[in-house]
Amino acid sequence: MKKFSDQKSSSPLGLEIFQPQPNTLYSLEVTAHLAGVPRRSVLLYCRAGLVHPLFQPPHGVMEFTEEAIYTVRKIEYLRANHTMDLTWFKMMIDLRDELDHLRAEIRFLRNR
């Protein structure tokens, strides 16, 4: 996987929307920047089990995939537009993961 570290852009353009790339790992700082949240929010979501970082040896550095960035963006959108706490988000994500698992199992059973 490619790694993306915090790099300053010298582009004279205004706001540029950046889409995270698949198969790329992002540092905590870059993840927070791309998601538009403070580092503390990303860490809080990790602690609540809403976002799952990858830990890279030998120092156990946290790195995130594009899926984690999209998840943080989704949580922030929902928090901004609805009054939900982290427990509610955790339950929603767990239910979504279970639904994805069941769908994969059904596809497997249909293709046997």
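**Exercise 1. In which helix do lysine 90 and aspartate 94 both lie, and how many residues apart are they?**

Start with the ground rules. This is a predicted model, where local features need pLDDT of at least 70, side-chain atom pairs count only at pLDDT 80 or more, and totals for chains, interfaces and linings use all residues. Residues are numbered from 1 along each chain as its sequence is written, and side-chain values use heavy atoms, with hydrogens and water left out.

Step 1. Place the pair. Both residues lie in helix H4 (residues 86–110). Helices (H or I, at least four residues) and strands (E, at least two) are DSSP runs, numbered from the N terminus.

Step 2. Take the spacing. Lysine 90 and aspartate 94 are 4 residues apart, about one turn of the helix.

Step 3. Check the contact. Their side chains meet in a salt bridge at 3.1 Å, N to O. A salt bridge is a side-chain nitrogen of Lys or Arg within 4 Å of a carboxyl oxygen of Asp or Glu.

Step 4. Check exposure. Lysine 90 is partly exposed at 27% relative accessible area, and aspartate 94 is partly exposed at 36%. Buried means under 20% relative accessible area, exposed over 50%, partly exposed in between (1.4 Å probe, protein chains only).

**Exercise 2. Find the salt bridge of arginine 39 and state which helices it ties together.**

Step 1. Identify the partner. Arginine 39 meets glutamate 29, with N to O at 3.4 Å.

Step 2. Locate both ends. Arginine 39 sits in helix H2 (residues 39–47) and glutamate 29 in helix H1 (residues 28–35), so the pair ties together parts that are 10 residues apart in sequence.

Step 3. Add exposure. Arginine 39 is partly exposed at 42%. Glutamate 29 is partly exposed at 37%.

Step 4. Complete the tally. Aspartate 97 forms a salt bridge with arginine 96, their closest N and O atoms 3.5 Å apart. The count comes to 3 salt bridges.

**Exercise 3. Describe strand E2 and its link to strand E4.**

Step 1. Sort the side chains. In E2 (residues 24–27), Thr24 and Tyr26 point one way. Leu25 and Ser27 point the other way. All are buried.

Step 2. Find the pairing. E2 and E4 (residues 61–64) run antiparallel, joined by 2 bridges. Two strands pair if DSSP finds at least two bridges between them.

Step 3. Name a partner. Tyrosine 26 has phenylalanine 64 as its bridge partner in E4.
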